[in-house]
Amino acid sequence: MNRWYESGGARLGYRDTGSGPPVVFLHPTPLDSEYWRPLIEDLAGVRAVVPDFRGHGRSELGEDIPVGAFTRVPDAPVLTIGQLATDILALLDRLELPEAVFAGCSIGGYVLLELWRRAPQRMQGLVFVCSRPQPDAEANLVKRAANIAQIEKDGTSALFDGMAQSLIGATARERRPAIVAELRGHMTLTPEAAIAVQAGLAVRPDSLPTVATIDVPALAIAGGEDTAITPVEMEAFNAAPGGCEFHMLPDAGHFAAYEQPAKVAALLAEWMRQPEA
């Protein structure tokens with residue numbers, strides 16, 4: 001059932017289903033919370049809290065998004081990782097949820113790292129799927145600026161069409177061609193929101209120092225066909241002092257948890273059965 005809460009003047013949507021240990025699932029961009037639905041259907045015995053980030057899915061972008069932090073496009077609105085983390089903390093307070101396991105894919109993982117900096121006492125364990133602690137390199141910053149220019153000129157359609165092809169692994173596209181249209185249908189950001197997200201990704205902090213402070217169990221799942229984030233980049237999570245269980249799925253792309261929901265759910269379930277997780 002769809003539910004609502006407010007944070008920073010925006011009306012935000014979430015789902016809260018199942019019973020058992022709570023797990024908060026943070027989706028990738030430009031998708032919405034439906035990204036996690038196939039995995040959750042394969043994952044028994046947990047309470048799944050699944051929000052839509054602001055500007056995604058059913059959630060409003062809100063007004064008064066700050067401008068200027070991305071100096072390469074100084075007039076772009078910037079939806080920061082910090083704002084997304086603030087929204088998730090507001091949801092936890094709304095649900096009176098003192099602590100949980102957190103799982104994030106891509107930008108969802110970046111938000112996990114910000115949440116760890118702010119509220120580590122609320123995090124029993126961290127799951128990173130196709131995410132990384134490193135900030136954008138120069139080539140990524142150039143690409144962010146180009147993406148914003150494309151959206152300003154032509155809207156989001158061409159950019160999202162390309163992402164639906166390039167971010168889904170080749171194996172998934174070959175085995176189940178319909179997956180492209182399925183995921184493309186959940187890329188519904190407005191141009192303003194898409195620009196704000198690109199700028200926010202560009203200015204996110206270097207989280208490598210944060211990894212060195214994570215003293216709860218971590219699980220990292222990389223995709224061998226991921227064109228956005230490499231398994232080598234994700235191996236940086238192995239430095240977490242709380243211990244990191246690392247898996248690489250050779251035939252998965254950037255949206256690994258949607259491409260292979262049963263496999264990722266099994267890895268998550270097994271990891272959560274460990275006494276310390």
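**Exercise 1. Work out how S5 sits among its neighbours.**

Start with one pairing: S5 and strand S6 (residues 123-129) run parallel and are joined by six bridges. Two strands count as paired if DSSP finds at least two bridges between them. The names come from DSSP runs, numbered from the N terminus: helices (H or I) need at least four residues and strands (E) at least two. A word on the material: this is a predicted model, where local features need pLDDT of at least 70, side-chain atom pairs count only at pLDDT 80 or more, and totals for chains, interfaces and linings use all residues. Residues are numbered from 1 along each chain as its sequence is written, and side-chain values use heavy atoms, with hydrogens and water left out.

Step 1: find a bridge partner in S6. Ala103 is matched there with Val127.

Step 2: turn to S3. Strand S5 (residues 100-105) pairs with S3 in the parallel sense, over four bridges. Phe25 stands opposite Ala103, and Val24 is opposite Phe102.

Step 3: check burial, meaning under 20% relative accessible area (exposed is over 50%, partly exposed in between; 1.4 Å probe, protein chains only). Six of the six S5 residues are buried. Ala100, Phe102 and Gly104 point one way, while Val101, Ala103 and Cys105 point the other.

**Exercise 2. Extend the picture to the whole sheet.**

Step 1: go on from S6. It pairs with strand S7 (residues 218-223) in the parallel sense over four bridges, and Val127 stands opposite Leu219.

Step 2: go the other way, from S3. Three bridges join S3 to strand S4 (residues 47-51), and the two run parallel; here Val23 stands opposite Ala48. Strand S3 (residues 22-26) has five of its five residues buried, with Pro22, Val24 and Leu26 on one side and Val23 and Phe25 on the other.

Step 3: put the strands in order. The open sheet has eight of them, S1-S2-S4-S3-S5-S6-S7-S8, with mixed pairing. Strand S1 (2-7) and S8 are at the edges with a single partner strand each, so one side of each has no neighbour in the sheet. From one strand to the next, the twist averages 20°.

**Exercise 3. Compare two helix pairs: which is roughly perpendicular, and which is roughly antiparallel?**

Step 1: get the geometry. Axes are lines fitted to C-alpha atoms, for helices over the stretch in contact, and angles run from 0 to 180 degrees between N-to-C directions. Helix H2 (residues 81-94) and helix H3 (residues 107-118) have axes 9 Å apart and pack at about 70°. For helix H4 (residues 138-154) and helix H8 (residues 191-202), the axes come within 9 Å and cross at roughly 170°.

Step 2: apply the cut-offs: under 35 degrees is roughly parallel, over 145 roughly antiparallel, 65 to 115 roughly perpendicular, and the rest oblique. H2 and H3 are therefore roughly perpendicular, and H4 and H8 are therefore roughly antiparallel.

Step 3: look at the H4–H8 contact, contact being heavy atoms within 4.5 Å. Among the residues involved are Leu141, Ile148 and Ile151 of H4 and Ile195, Ala199 and Leu201 of H8. The contact divides into nine nonpolar, two polar and two charged residues. Here Ala, Val, Leu, Ile, Met, Phe, Trp, Tyr, Cys and Pro count as nonpolar, Asp, Glu, Lys and Arg as charged, and the others, Gly among them, as polar.

**Exercise 4. Track down the hubs of the largest nonpolar core.**

Step 1: know what a core is: buried Ala, Val, Leu, Ile, Met, Phe, Trp, Tyr and Cys residues joined through side-chain atoms within 4.5 Å. The largest one has 103 residues, and Phe25, Trp36, Leu39 and Leu115 touch the most other members. H8 gives the most to this core, with eight residues.

Step 2: follow Trp36. Beyond neighbours within four places in sequence, its contacts include Phe25, Val50, Ala103 and Ala257.

Step 3: follow Leu39, in helix H1 (residues 37-41). Its relative accessible area is 0%, so Leu39 is buried. Setting aside neighbours within four places in sequence, Leu39 touches Phe25, Ala257, Pro261, Val264, Ala265 and Leu268. Leu39 and Ala257 are 218 residues apart along the chain, yet their C-alpha atoms are separated by 6.5 Å.
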